[in-house]
Amino acid sequence: LPIEALDTAAEDCPILRRASSVQHLGGDVVAAWEAQACQRGYGGLAELARAWQISTQVGAPMAAALERVAEGLATEESVRAVVAGELAGPRAPGKIMAFLPVAGLALGYALGGEPIGFLLQGLLGWTCLVGGVGLAAAGVLWVESLAQRAAVQA
């Protein structure tokens, strides 16, 4: 029985305890999982909810449906891992862009200048400081947003 299986699984898996409690109170397990699936990291519960619904309404065996859900989630996870690996290269320039201002300051001191003194004195220095920080932050955020969009589309 799916109800007994849920109780047993909920003992080992804290994510399922909410649905088990809902079930004992006579609530809708599918709705509980769908609500939980909206939270970040819980997306697989939507598939589990569909499998549960089919099993309880039609009487289909739960094991076959759960195997398909597990295979689908494993495939999605492997695709995410590949995409994350592929996006490591494009994200590298963003990390370099974040380091460049520090390297510029170090180079200024190495050449005998006083870059921080210049940046903190006068309107021109403050303009350069604010503009440089703004452009560096915009560049890092832009590279990261491109990588995020690519990750979502994959």
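Here is a quick briefing on the fold, the surface and six buried positions of this protein. The model is a predicted one, so to speak of its features is to speak of computed values. The protein has seven helices and zero strands. Its radius of gyration is 26 Å, whereas a compact globule of 154 residues would have one near 15 Å.

**Overall shape and fold**

- Reading from the N terminus, you get α-α-α-α-α-α-α.
- Laid along the principal axes, the C-alpha atoms of the protein fill a box of roughly 80 × 30 × 25 Å.
- Take the contacts between residues at least 6 apart in sequence: 31% of them join residues at least 24 apart.

**Surface and charge**

- Of the 154 residues in the protein, 22% are buried.
- The accessible surface adds up to about 10500 Å², and carbon and sulfur atoms hold 66% of that.
- On the charge side, there are 9 positive and 14 negative charges, and their mean positions sit 8 Å apart.

**Helix H2: Ala-19 and Gln-23**

- Ala-19 belongs to helix H2, which covers residues 17–24.
- With a relative accessible area of 0%, Ala-19 is under the 20% cut-off and therefore counts as buried.
- Leaving out neighbours within four places in sequence, the contacts of Ala-19 are Leu-6, Val-29 and Trp-33.
- For one of those partners, Leu-6, there is a C-alpha distance too: Leu-6 is 13 residues from Ala-19 along the chain, and their C-alpha atoms are separated by 8.1 Å.
- Gln-23 is also found in helix H2, and this residue is buried because its relative accessible area is 13%.
- Skip residues up to four places away in sequence, and Gln-23 touches Ile-3, Leu-6, Asp-7, Val-29 and Trp-52.
- Leu-6 and Val-29 turn up in the contacts of Ala-19 and in those of Gln-23.

**Helix H3: Gln-36**

- Helix H3 spans residues 29–37, and Gln-36 lies in it.
- Gln-36 has a relative accessible area of 6%, so this residue is buried.
- A polar atom of the Gln-36 side chain lies 3.3 Å from the backbone oxygen of Ile-15.
- Ile-15 is also one of the residues in contact with Gln-36 once neighbours within four places in sequence are set aside; the others are Arg-18, Tyr-42 and Leu-45.

**Helix H4: Leu-48 and Ala-51**

- Leu-48 has its place in helix H4, residues 44–58.
- The relative accessible area of Leu-48 is 15%, which makes this residue buried.
- Leu-48 touches Leu-16, Trp-33, Leu-66 and Val-69, not counting residues up to four places away in sequence.
- Between Leu-48 and Val-30, 18 residues apart along the chain, the C-alpha separation is 8.4 Å.
- Ala-51 sits in helix H4 as well, and at 5% relative accessibility Ala-51 counts as buried.
- Beyond residues up to four places away in sequence, Ala-51 touches Met-62, Ala-65 and Val-69.
- Ala-51 and Ala-64 are 13 residues apart in sequence, and in space their C-alpha atoms are 9.2 Å apart.
- Val-69 is a partner of Leu-48 and a partner of Ala-51.
- Trp-33 likewise appears twice, touching Leu-48 in helix H4 and Ala-19 in helix H2.

**Helix H5: Gly-94**

- Helix H5 runs over residues 62–110, and Gly-94 has its place there.
- Gly-94 is buried, given its relative accessible area of 7%.
- Outside residues up to four places away in sequence, Gly-94 touches Val-140 and Val-143.
- Val-140 is 46 residues from Gly-94 in sequence, yet the two are 4.8 Å apart in space, C-alpha to C-alpha.

How values were computed. Residues numbered from 1 in each chain as written. Predicted model: local features only at pLDDT ≥ 70, side-chain atom pairs only at ≥ 80, totals over all residues. Heavy atoms only, no water. Helix = DSSP H or I, 4+ residues; strand = E, 2+ residues; numbered from the N terminus. Rg over C-alpha atoms; globule rule 2.2 N^0.38 Å. Buried < 20%, exposed > 50% of the residue type's maximum accessible area, 1.4 Å probe, protein only. Contact = heavy atoms within 4.5 Å. Areas by Shrake-Rupley, 256 points an atom, 1.4 Å probe, with all protein chains shown as cover. Lys, Arg positive; Asp, Glu negative; His and termini not counted. Charge placed at Lys NZ, Arg CZ, Asp CG, Glu CD. Polar contact = N/O pair within 3.5 Å; in protein donor to acceptor, adjacent residues only side chain to side chain.
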